[in-house]
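User: Please take a close look at one part of this model: the aromatic rings and what lies around them. A plain account will do.

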Amino acid sequence: MTFKQFLPIPVMIAALATGLMVLDMYKAPVVPHMHAWITFQAWAMYFMAGCTLAGGLRVMLGYLGGAIASVAIMELAGLLGGWGLGGAAVPVAVFIVVIFVISAERVPGLNFVPAWFVGAGVFFGIMNLKQDWPAGATKWSNYQLAGTYLMVSCAIGMVFGIVTVFLRGKYEASLKKT
């Protein structure tokens, strides 16, 4: 493929990325629980998972697993801190939970462990942002809200990944016909 033939591909992806930014500007009435920065990460994870629907599902499950692991770390750290572990509570909680996360590598469908780590990192990031938490909300409702932002944004990223692969495939197939 010549560069001239290749150039429409980055232009198409740039148009999709621009569309995502426009969606982000007007997300309140359409997708109020979307963060574009998460969507971009998830979009990239779709490609790292192999550009397939099955890979996209593994990303979604990994993000969900990462959120659950994050909650487990926070709750276990609180419990361990209450038992007098002090500053060691979080590292010990991470050690214990990561054993289970890495074990997911042995479970088909849950075995895309990088998505677990990205999902967990993003979940912790959202929890630290706390930008639109309702006043007086419980920690569990905050976990649910953070999970909603994570999973809605991830799902939109999967859609953008699927659309990217579909459009590129159609374009490349049209080149072969000429």
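Analyst: **Order of elements and aromatic pairs**

From the N terminus on, the protein chain runs α-α-α-α-α-α-α-α, where helices (H or I, at least four residues) and strands (E, at least two) are DSSP runs numbered from the N terminus. That makes eight helices and zero strands. The model is predicted, so local features need pLDDT of at least 70 and side-chain atom pairs count only at pLDDT 80 or more, while totals for chains, interfaces and linings use all residues. Residues are numbered from 1 along each chain as its sequence is written, and side-chain values use heavy atoms, with hydrogens and water left out.

Along the principal axes, the C-alpha atoms of the protein chain fill a box of roughly 70 × 40 × 20 Å. Of its 178 residues, 35% are buried; buried means under 20% relative accessible area, exposed over 50%, and partly exposed in between (1.4 Å probe, protein chains only). Among contacts (heavy atoms within 4.5 Å) with a separation of 6 or more, 65% are between residues 24 or more positions apart.

Now the rings. A pair of aromatic rings is described by the distance of the centres and the angle of the planes. Rings of Phe, Tyr and Trp (its six-membered ring) pair if their centres lie within 6.5 Å; planes under 30 degrees apart count as stacked, over 60 as edge-to-face, and the rest as tilted. By this rule there are six aromatic pairs. One of them joins tyrosine 46 and phenylalanine 47, edge-to-face at 5.8 Å centre to centre with 85 degrees between the planes. Tyrosine 46 counts as buried because its relative accessible area is 3%, whereas phenylalanine 47, at 33%, is partly exposed. Another edge-to-face pair is tryptophan 140 with tyrosine 143, at 5.0 Å centre to centre and 90 degrees between the planes. Both residues lie in helix H8, three residues apart, about one turn of the helix. Tryptophan 140 has a relative accessible area of 48% and is therefore partly exposed; tyrosine 143, at 8%, is buried. Ring pairs also link Phe40, Trp43 and Phe160 into a cluster.

Which residues does methionine 158 touch, not counting residues up to four places away in sequence? They are Ala42, Trp43, Tyr46, Gly56, Val59 and Met60, so two of the ring residues above, Trp43 and Tyr46, are also neighbours of this side chain. Methionine 158 is in helix H8 and is buried, since its relative accessible area is 5%. Its C-alpha atom is separated by 6.5 Å from that of alanine 42, although the two residues are 116 apart along the chain.

Serine 153 lies in helix H8 (residues 139-177) as well. Its relative accessibility is 0%, so serine 153 counts as buried. Leaving aside neighbours within four places in sequence, serine 153 is in contact with His33, Met34, His35, Ile38, Thr39 and Ala42. Ala42 is thus listed for serine 153 and for methionine 158.

Past the pair at Tyr46 and Phe47 comes the loop between helix H4 (36-48) and H5, where cysteine 51 lies. Cysteine 51 has a positive phi of about 60 degrees although it is not a glycine. It is partly exposed, because its relative accessibility is 29%.
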